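The exercises below ask the reader to work through the packing, strand pairing and charged contacts of one protein chain, with a worked solution after each task.

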Amino acid sequence: MTYDELIESSPLVLVEFYATWCGHCKAMAPVVEQVTEILEGRCKVQQLDVDLNQEVCDNEKINGTPTFILYKDGKEVWRRSGEMPGRELLEAVEQNM
């Protein structure tokens with residue numbers, strides 16, 4: 001599946017750009033897991049390893065990890081980099097439903 005196909009695969013898609021070596025990404029892992037469970041069936045959540053997806057990262061101008069991008073109907077509607085509380089991540093998604 002291409003990145004374009006991924007972001008168009010559901011009406012609402014949250015993509016986390018992460019790195020296996022990133023401490024902030026590791027800290028966000030349980031938060032992302034919890035948010036994914038809460039949003040099940042309402043929003044697709046996908047993680048992309050920046051080291052394995054360099055071209056996508058360049059195209060999406062990913063400068064740090066973790067970076068979260070929310071797509072609605074294939075268009076970016078929200079973006080944030082760094083650690084954040086789960087409620088903030090959840091609110092960003094729910095505001096765009």
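Contact here means heavy atoms within 4.5 Å. The model is predicted, and the solutions should be read with that in mind.

**Exercise 1. The nonpolar cores**

Task: Establish which residues touch the most other members of the largest nonpolar core, and which elements give two or more residues to this core.

Solution. Begin with the membership: the largest nonpolar core has 17 residues, and those that touch the most other members are Leu-14, Cys-43, Phe-68, Leu-70, Trp-78, Leu-89 and Val-93. Next, assign the core to secondary structure: strand S1 (12-18), helix H2 (23-39), strand S3 (67-72) and helix H4 (86-94) each give two or more residues to this core, and the largest share, 5 residues, comes from H2.

Then take one member and list its surroundings. Leaving out residues up to four places away in sequence, Phe-68 touches Leu-14, Val-15, Glu-16, Met-28 and Val-32, and also Trp-78, Arg-79, Arg-80, Gly-82, Met-84 and Leu-89. Finally, note that there is a second, separate core of 16 residues, which includes Val-13, Val-15, Leu-48 and Val-56.

**Exercise 2. The strand S1 and its partners**

Task: Determine in which sense S1 runs relative to S3 and in which sense it pairs with S2.

Solution. Start with S3: S1 and S3 run antiparallel and are joined by 6 bridges, with Val-15 standing opposite Ile-69 in S3. Turn then to strand S2 (residues 44-49), which pairs with S1 in the parallel sense, over 6 bridges; here Glu-16 stands opposite Gln-47 in S2. As a last step, consider burial: 6 of the 7 residues of S1 are buried, so this strand is largely enclosed by the rest of the structure.

**Exercise 3. Two buried positions**

Task: For Leu-6 and Thr-67, find which residues each is in contact with, leaving aside neighbours within four places in sequence.

Solution. Leu-6 lies in helix H1 (residues 3-7), and with a relative accessible area of 6% it falls under the 20% limit for a buried residue. Its contacts beyond the sequence neighbours are Met-1, Val-13, Val-15, Lys-44, Gln-46 and Leu-48. A separate check on distance shows that Leu-6 and Gly-74, although 68 residues apart in sequence, are 8.7 Å apart in space when taken from C-alpha to C-alpha.

Thr-67, located in strand S3, is buried as well, with a relative accessible area of 1%. Apart from its sequence neighbours, Thr-67 is in contact with Val-15, Glu-16, Phe-17, Ile-62, Arg-79, Arg-80 and Ser-81. With Ser-81 there is also a polar contact, made between the two side chains at 2.8 Å.

**Exercise 4. The buried side of H4**

Task: Explain why the buried residues of H4 lie on the same side of H4, and name the elements they pack against.

Solution. First identify the residues: Gly-86, Leu-89, Leu-90, Ala-92 and Val-93 of H4 are buried. These residues cover an arc of only 155 degrees around the axis, which puts them on the same side of H4. The general background is that an α-helix has 3.6 residues a turn, so residues three or four places apart point the same way. To complete the answer, the buried residues of H4 pack against S1, H2, S3 and strand S4 (75-81).

**Exercise 5. Salt bridges**

Task: Which residues are linked with Arg-79 in a network of salt bridges, and what parts does its pair with Glu-60 tie together?

Solution. The count comes to 4 salt bridges. One of them joins the side chains of Arg-79 and Glu-60, at 4.0 Å from N to O. Because Arg-79 lies in strand S4 and Glu-60 in the loop between helix H3 (54-59) and S3, this pair ties together parts that are 19 residues apart in sequence. Arg-79 forms another salt bridge with Glu-76, whose closest N and O atoms are 3.0 Å apart; thus Glu-60, Glu-76 and Arg-79 are linked in a network.

Now compare accessibility within this network: Arg-79 is partly exposed at 32% and Glu-76 is partly exposed at 40%, whereas Glu-60, at 18%, counts as buried.

A further salt bridge is formed by Glu-88 and Arg-80, with closest N and O atoms 1.9 Å apart. Glu-88 counts as partly exposed at 27% relative accessibility, and Arg-80 is likewise partly exposed, with a relative accessible area of 27%.

Conventions. Residues numbered from 1 in each chain as written. Predicted model: local features only at pLDDT ≥ 70, side-chain atom pairs only at ≥ 80, totals over all residues. Heavy atoms only, no water. Core = buried A, V, L, I, M, F, W, Y, C linked by side-chain atoms within 4.5 Å. Buried < 20%, exposed > 50% of the residue type's maximum accessible area, 1.4 Å probe, protein only. Helix = DSSP H or I, 4+ residues; strand = E, 2+ residues; numbered from the N terminus. Polar contact = N/O pair within 3.5 Å; in protein donor to acceptor, adjacent residues only side chain to side chain. Arc of directions from axis to C-beta. Pairing = 2+ DSSP bridges.
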